[in-house]
Amino acid sequence: MQYLLTFLLIFLVFGGVGKKARQANKAYNHGQYKKAIQLYKKAIEHHKDNPKLYYNLGNALARSGSPKKAIRYYRKYKQMTRNTDQKGKADYDIGNIYSKKKKWNKAIKYYKNAMRRNASDADAKHNYELALRHKKHQQKKNNKKGRNKQKKKNKNQKKKGKNNKNSKKHQNNKKKQNQQNGKNGNQQKKKRKQRSRSHKMTKAEARKILQALKKDEQNVLKQLKKKKTKSTNSSHGKDW
């Protein structure tokens with residue numbers, strides 16, 4: 001089933017409305033919508049109180065690809081006419097514009113208005129039902145998209161949490177390693193300090209060493225002296 005997105009035919013205008021309005025109708029029927037728009041606007045300048053010209057201008061604008069401007073003239077037409085069926089036709093055309101733009105809530109609203117004003121409008125009812133289906137389909141699509149987006153978000157958060165956990169673990173390991181290195185460094189420092197202490201001697205120990213060295217030196221001198229004396233005595237014993 002397809003949309004009946006056809007706009008209603010323009011109102012035929014005769015005699016008292018003027019030549020510009022008739023030329024605008026002719027241009028519209030030949031698909032010359034831009035030309036029709038200009039002619040309808042000129043006709044409205046001379047016949048501002050004729051609601052049919054506003055409705056026809058709305059149709060020409062819608063056909064030419066200016067939906068916002070078309071809606072403005074349809075609403076103006078609704079304000080000017082007292083005919084309930086004609087108001088319903090304008091609501092139907094506004095609903096078609098919103099359907100083309102896939103604005104389903106607004107389309108449904110105007111189709112409802114058209115059916116309230118004209119219960120026998122089969123086209124309005126048909127398009128209203130189709131708009132409801134499209135709205136439900138769009139909601140399901142959006143919900144699925146939202147779930148996928150949330151699922152992706154959760155996945156990214158989980159991945160981020162895992163990365164943070166690994167990073168924290170790495171930091172803890174690094175901290176432990178630094179602590180161990182510090183501990184080892186302290187132990188080595190302590191050992192060096194102990195070795196340094198072991199190499200230090202007290203004053204008493206130093207005095208003993210000096211005394212021993214002095215005693216050894218005296219002994220050496222005594223021995224040298226004895227050798228010298230002996231050598232001298234030995235040289236005086238010979239008679240040449």
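This is a short walk through one predicted model, taking in its confidence, its salt bridges, its aromatic pairs and a few single residues.

Okay, confidence first, since we're looking at a prediction. The mean pLDDT of the chain comes out at 83, and 83% of the residues get to 70 or more. Where should you hold back? Residues 236-240 are the stretch to watch: pLDDT stays under 50 there, and the model gives that stretch zero contacts beyond four places in sequence. As a general point, predicted coordinates shouldn't be read in detail where pLDDT is low. So I'm leaving that stretch alone.

Now, the charged residues. How many salt bridges does the structure hold? Two. Lys-78 pairs with Asp-91, and the closest N and O atoms in that pair are 2.5 Å apart. That bridge links distant parts of the chain: Lys-78 sits in helix α4, residues 67-80, while Asp-91 is in helix α5, with their positions 13 residues apart in the numbering. Asp-91 also forms a salt bridge with Arg-117, and here the closest N and O atoms are 2.1 Å apart. Again distant parts of the chain are being linked, with Asp-91 in helix α5 and Arg-117 in helix α6, 26 residues apart. Put those together and you have Lys-78, Asp-91 and Arg-117 linked in a network of salt bridges.

Are these residues buried or exposed? Asp-91 has 0% relative accessibility, so it counts as buried. Lys-78 is buried as well, because its relative accessible area is 15% and the cut-off for buried is under 20%. Arg-117 has a relative accessible area of 29%, so this one is partly exposed.

On to the rings. A search of the whole structure turns up six aromatic pairs. Let me start with Tyr-92 and Tyr-111: their ring centres are 6.1 Å apart and their planes are at 50°, so this pair is tilted. If you're wondering why 50° gets that label, it's because stacked needs planes under 30 degrees apart and edge-to-face needs over 60. Tyr-92 is in helix α5, residues 84-100, and Tyr-111 is in helix α6, residues 104-117, so the pair links distant parts of the chain, 19 residues apart. Both ends are tucked away: Tyr-92 counts as buried at 2% relative accessibility, and Tyr-111 counts as buried at 0%.

Then there's Tyr-98 with Tyr-110, and that aromatic pair is stacked, at 5.9 Å centre to centre with 25° between the planes. Which helices does this pair link? Tyr-98 is in helix α5 and Tyr-110 is in helix α6, twelve residues apart, and they count as distant parts of the chain. Tyr-98 is buried, with a relative accessible area of 8%, and Tyr-110 counts as buried at 8% relative accessibility.

Before we leave the aromatics, have a look at Tyr-55, Tyr-74 and Tyr-77, which form one aromatic cluster.

Let's go back towards the start of the chain. Ala-24 is found in helix α1, residues 19-29. With a relative accessible area of 0%, Ala-24 is buried. What is Ala-24 in contact with, leaving aside its neighbours within four places in sequence? Ala-36, Leu-39 and Tyr-40. You can also pick out Lys-41, which is 17 residues from Ala-24 in sequence and 9.2 Å from it in space, C-alpha to C-alpha.

A bit further on there's Gly-31, in the loop between α1 and α2, where α2 is residues 33-46. Gly-31 counts as partly exposed, at 36% relative accessibility. Its C-alpha atom is separated by 9.0 Å from that of Ala-60, and those two are 29 residues apart along the chain.

Last stop is the surface. Ile-209, Leu-210 and Leu-213 form a nonpolar patch there, with about 300 Å² of accessible area together. Ile-209 lies in helix α8, residues 203-236, and is partly exposed, with a relative accessible area of 41%.

To pull it back together: if you remember one residue from this, I'd go for Asp-91, which forms salt bridges with Lys-78 and with Arg-117 while counting as buried itself. And please keep residues 236-240 in mind as the stretch with pLDDT under 50. That's me done, happy to take questions.

Terms used: Residues are numbered from 1 along each chain as its sequence is written. This is a predicted model: local features need pLDDT of at least 70, side-chain atom pairs count only at pLDDT 80 or more; totals for chains, interfaces and linings use all residues. Side-chain values use heavy atoms; hydrogens and water are left out. Rings of Phe, Tyr and Trp (its six-membered ring) pair if their centres lie within 6.5 Å; planes under 30 degrees apart count as stacked, over 60 as edge-to-face and the rest as tilted. Helices (H or I, at least four residues) and strands (E, at least two) are DSSP runs, numbered from the N terminus. Buried means under 20% relative accessible area, exposed over 50%, partly exposed in between (1.4 Å probe, protein chains only). pLDDT is the predictor's confidence in each residue, from 0 to 100. Contact means heavy atoms within 4.5 Å. A salt bridge is a side-chain nitrogen of Lys or Arg within 4 Å of a carboxyl oxygen of Asp or Glu. Patches are made of residues with over 30% relative accessible area and no salt bridge: like charges are joined within 9 Å, nonpolar side chains (Val, Leu, Ile, Met, Phe, Trp, Tyr) within 5 Å. Accessible areas come from the Shrake-Rupley method with a 1.4 Å probe; for residues, only the protein chains shown count as cover.
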